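Let's take a walk through this fold from the inside out. Have the model open beside you and turn it as we go.

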Amino acid sequence: MIASYSDLQYFIELAQTLNFSRASERIGISQPSLSVAIKRLEFSIGAELFIRSKHKVLLTPAGKNLLTHSKQLLQLWNKTKANCLASQDEVQGDIIFGCHHSVALTILPKILPALLKTYPKLGLQLKHDLSRKIAEEIIDYTIDIGIVVNPIKHPDLIIKKMYDDEVSCWQSPSFDANATQDNIIICDPNLTQTQWILKKLKNKNIKYTRMITTSNLEVAASLAAQGTGIAILPSKVAESYQSALKPSPHAPIYHDEICFAYRHENRNIKAIQVIIGAIKGLMV
């Protein structure tokens, strides 16, 4: 009995979360259905993949071994399908495209409408996460192509620079940090850029009394535009608010490179080629 594509996908999600409830919620199936799929996969493999207890789930040695290879198995299947489709004249098939949601809001509306209209059989799965995680998933065969910020060079990846951006502190034109003792910073603390800027502010003895954390930079920008506090933002996000935000004086600046990246073996897939072409059209 050969393991199904969906069962391997479910296994990967559970192996990453180690929580049946969270995994079933993320992949959109019921917890009993997930349990059945895992049992079916264990029967197919011939070994238990998880150690189950009342409060937690752990991978067995067999499960760890399968996790090492399962992403490559799925990517190989996707690549095989894509190569079969690439041998035809039409651009078609499902491509997994990854980028941070703020980058998606900036770039995708500029390329997807025309791309999808031109190629009606092209399917896209969009995945949004931190850039470093997107890059890792491209390397791990989980994502086909992505837009990443400040990617680290990797021998398996083709990386092309798109444009430069800057991350700094932004505030409403009416905001006066000197007029209040309650200075509020609004930011995503998981971003490397945020951590660097917060460290620089501390070194400059620029103090804030409270911090509002959010993983959504558009929420941070909107709050800052309403005078809630000072937001740490990329300029591309801040500039979308036009005159509602301005750079904070004397704030440190972190320089970003926005790039697109994909694996070498994907460069001949026609669907990837047309997506790359659309992205390059923005660079002209």
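Before we start, one working term: two residues touch, or are in contact, when heavy atoms of theirs lie within 4.5 Å. Keep in mind, too, that this is a predicted model.

Start with Ile-145. Leaving aside residues up to four places away in sequence, Ile-145 touches Ile-95, Ile-96, Phe-97, Gly-98, Ile-138, Ala-261, Tyr-262, Ile-272, Ile-275, Ile-276 and Ile-279. That crowd makes sense once you look at the largest nonpolar core, which has 28 residues. Ile-145 is among the members that touch the most others, along with Phe-97, Ile-147, Ile-275 and Ile-279. At least two residues of this core come from each of β3 (93-99), α5 (101-118), β5 (145-149), β6 (157-171), β11 (254-263) and α10 (270-283). There is also a second, separate core of 18 residues, and Phe-20, Ala-37, Leu-41 and Val-57 are included in it. As background, nonpolar side chains in soluble globular proteins tend to be buried together.

Now zoom in on β5, the strand that holds Ile-145. How many of its five residues are buried? Five of the five are. On one side sit Ile-145, Ile-147 and Val-149, on the other Gly-146 and Val-148, and both faces are covered. β5 also has strand partners. It pairs with β3 in the parallel sense, over three bridges, and here Phe-97 has Ile-145 as its bridge partner. With β11 the pairing is antiparallel and runs over five bridges; Gly-146 is partnered there by Ala-261.

Next, the aromatics. A search of the whole structure turns up three aromatic pairs. One of them is Phe-11 with Phe-50, a tilted pair at 5.6 Å centre to centre with 55 degrees between the planes. Phe-11 belongs to helix α1 (residues 5-17) and Phe-50 to strand β1 (residues 50-52), so this pair ties together parts that are 39 residues apart in sequence. Both rings are tucked away: Phe-11 is buried at a relative accessible area of 0%, and Phe-50 is buried at 1%.

Phe-260 and Tyr-262 make another pair, with ring centres 6.2 Å apart. Their planes are at 5 degrees, so this one counts as stacked. Phe-260 is buried, with a relative accessible area of 0%, while Tyr-262 is buried at 8%. You've already met Tyr-262 as one of the contacts of Ile-145.

One last stop: find Tyr-163 and look at the face of its ring. Lys-236 lies over it, 5.2 Å from the ring centre.

Conventions:
Residues numbered from 1 in each chain as written. Predicted model: local features only at pLDDT ≥ 70, side-chain atom pairs only at ≥ 80, totals over all residues. Heavy atoms only, no water. Core = buried A, V, L, I, M, F, W, Y, C linked by side-chain atoms within 4.5 Å. Buried < 20%, exposed > 50% of the residue type's maximum accessible area, 1.4 Å probe, protein only. Helix = DSSP H or I, 4+ residues; strand = E, 2+ residues; numbered from the N terminus. Phe/Tyr/Trp six-rings, centres within 6.5 Å; stacked < 30°, edge-to-face > 60°. Lys NZ or Arg CZ within 6 Å of the ring centre and 35° of its normal. Pairing = 2+ DSSP bridges.
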